[in-house]
Amino acid sequence: MEALPRETIVDVLEDRLRTDILNGLHPAGSYLPPERQLADGYGITRTTLKHAFGRLVQAGLLETRHGVGTRVRDYARLGGADLLPMLVRHDAKWVHEIFEVRRGVGALIAERAATRATRKQHAELRALLQAVREADGPDAVQLADIEVHRALARATGNRVYVLLTNTLFNAYLPVRSLLKGPFTDPAAACERLAPVVEAVTDGDACQAHAAADAYLRATERIMLDDLA
């Protein structure tokens, strides 16, 4: 049986329209040309165009108004963090801004976790830290590291911190394979993260904040060097 193509015409059209919007070819607030004109210009059916439009509406880049047309949404003003993976995929420079937020949020999470974590959560953090040391290969080490940060967020007792942590990790998911520098050596990755876990389990909020900030800055430098 012949393998199916990995990309459909809808995929290609969606990608082209997304790129045009994010590059400013269709500015925020502007209306796209009429569907028939666009379909003829791309050499596709209006049904295909509608499918691509539907995806971009779901992505938060377009909005359709019955009887009026399809308008480019002002995603920079009205959009949410769910747009970040798409924006990173379009322009990796977004990673710098994500990491800036990651530093601030991550250090605050560690500080809060130090004052709120239970003994059971202390044990979980130590076990997850050991899992980083025992992980096999950069991808596994990176995923184990992420689980430590998720556990830190849960230890704050604030569910919003958990969602923020997930959002920030998901944001750079499109380029995660390029950000494995800090995770090539399991022992080094564990030792780099250990001061954060130690400060949290000791209940030292000030030290936890400082350790998390140092950890996040160190790993950020390595990852950005890799990305460059």
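## Leu152 and the core around it

Leu152 touches Ile109, Ala113, Leu125, Val196 and Val200, not counting residues up to four places away in sequence; contact here means heavy atoms within 4.5 Å. This is a predicted model, in which local features need pLDDT of at least 70, side-chain atom pairs count only at pLDDT 80 or more, and totals for chains, interfaces and linings use all residues. Residues are numbered from 1 along each chain as its sequence is written, and side-chain values use heavy atoms, with hydrogens and water left out.

Leu152 also stands out in the largest nonpolar core. Of the 68 residues in that core, Leu49, Leu152, Val196 and Val200 touch the most other members. Helix 6 gives the most to this core, with 9 residues. The core draws at least three residues from each of domain 1 (9-72) and domain 2 (81-226). A nonpolar core is a set of buried Ala, Val, Leu, Ile, Met, Phe, Trp, Tyr and Cys residues joined through side-chain atoms within 4.5 Å. Buried means under 20% relative accessible area, exposed over 50%, and partly exposed in between (1.4 Å probe, protein chains only).

## Two domains

The domain assignment splits the chain into domain 1 (9-72) and domain 2 (81-226). Such bounds come from an automatic or database domain assignment. The C-alpha centres of domain 1 and domain 2 lie 37 Å apart. Their contact takes 7 residues from domain 1 and 4 residues from domain 2.

## Helix 8

Helix 8 covers residues 138-155. Helices (H or I, at least four residues) and strands (E, at least two) are DSSP runs, numbered from the N terminus. The expected span of a helix is 1.5 Å times one less than its number of residues. For the 18 residues of helix 8 that gives 26 Å, and the end C-alpha atoms are 26 Å apart, which agrees. Its buried residues are Val141, Gln142, Ala144, Asp145, Ile146, Val148, His149, Ala151, Leu152, Ala153 and Ala155. Their cover includes helix 6 (94-116), helix 7 (119-134), helix 9 (159-171), helix 10 (186-202) and helix 11 (205-227).

Ala151 belongs to helix 8. Ala151 is buried, at 2% relative accessible area. Beyond its neighbours within four places in sequence, Ala151 is in contact with Glu124, Leu125 and Leu128. Thr165 is 14 residues from Ala151 along the chain, with 9.9 Å between their C-alpha atoms.

## The loop after helix 8

Thr156 sits in the loop between helix 8 and helix 9. Thr156 is buried, with a relative accessible area of 2%. Its side chain reaches the backbone nitrogen of Asn158 at 3.1 Å. A polar contact is a pair of N or O atoms within 3.5 Å; within protein, one must be able to donate a hydrogen and the other to accept it, and residues adjacent in sequence count only if both atoms are side-chain atoms.

Leaving aside neighbours within four places in sequence, Thr156 is in contact with Ile109, Arg112, Ala113, Arg116 and Tyr161. Gly157, just after helix 8, takes a positive phi of about 75 degrees.

## Helix 11

At 1.5 Å a residue, the 23 residues of helix 11 should span 33 Å; the end C-alpha atoms are 32 Å apart, which agrees. Asp204 caps the N-terminal end, with a side-chain oxygen 3.4 Å from the backbone nitrogen of Cys206. Buried residues of helix 11 include Ala205, Ala208, Tyr215, Leu216, Ala218 and Met223. Helix 6, helix 8 and helix 10 are among the elements that cover the buried residues of helix 11.

Ala218 is buried, with a relative accessible area of 18%. Ala218 and Asn23 are 195 residues apart in sequence and 32 Å apart in space, C-alpha to C-alpha.

## Helix 1 and the hairpin

Glu14 is in helix 1 (residues 9-22). Glu14 is buried, at 13% relative accessible area. Outside its neighbours within four places in sequence, Glu14 is in contact with Ala52, Arg55 and Leu56.

Strand 1 (residues 62-65) and strand 2 (residues 69-72) run antiparallel, joined by 4 bridges. Two strands pair if DSSP finds at least two bridges between them. Leu62 has Val72 of strand 2 as its bridge partner. Thr64 stands opposite Thr70 in strand 2. The hairpin has 3 residues between the strands, and Gly67 there takes a positive phi near 80 degrees.
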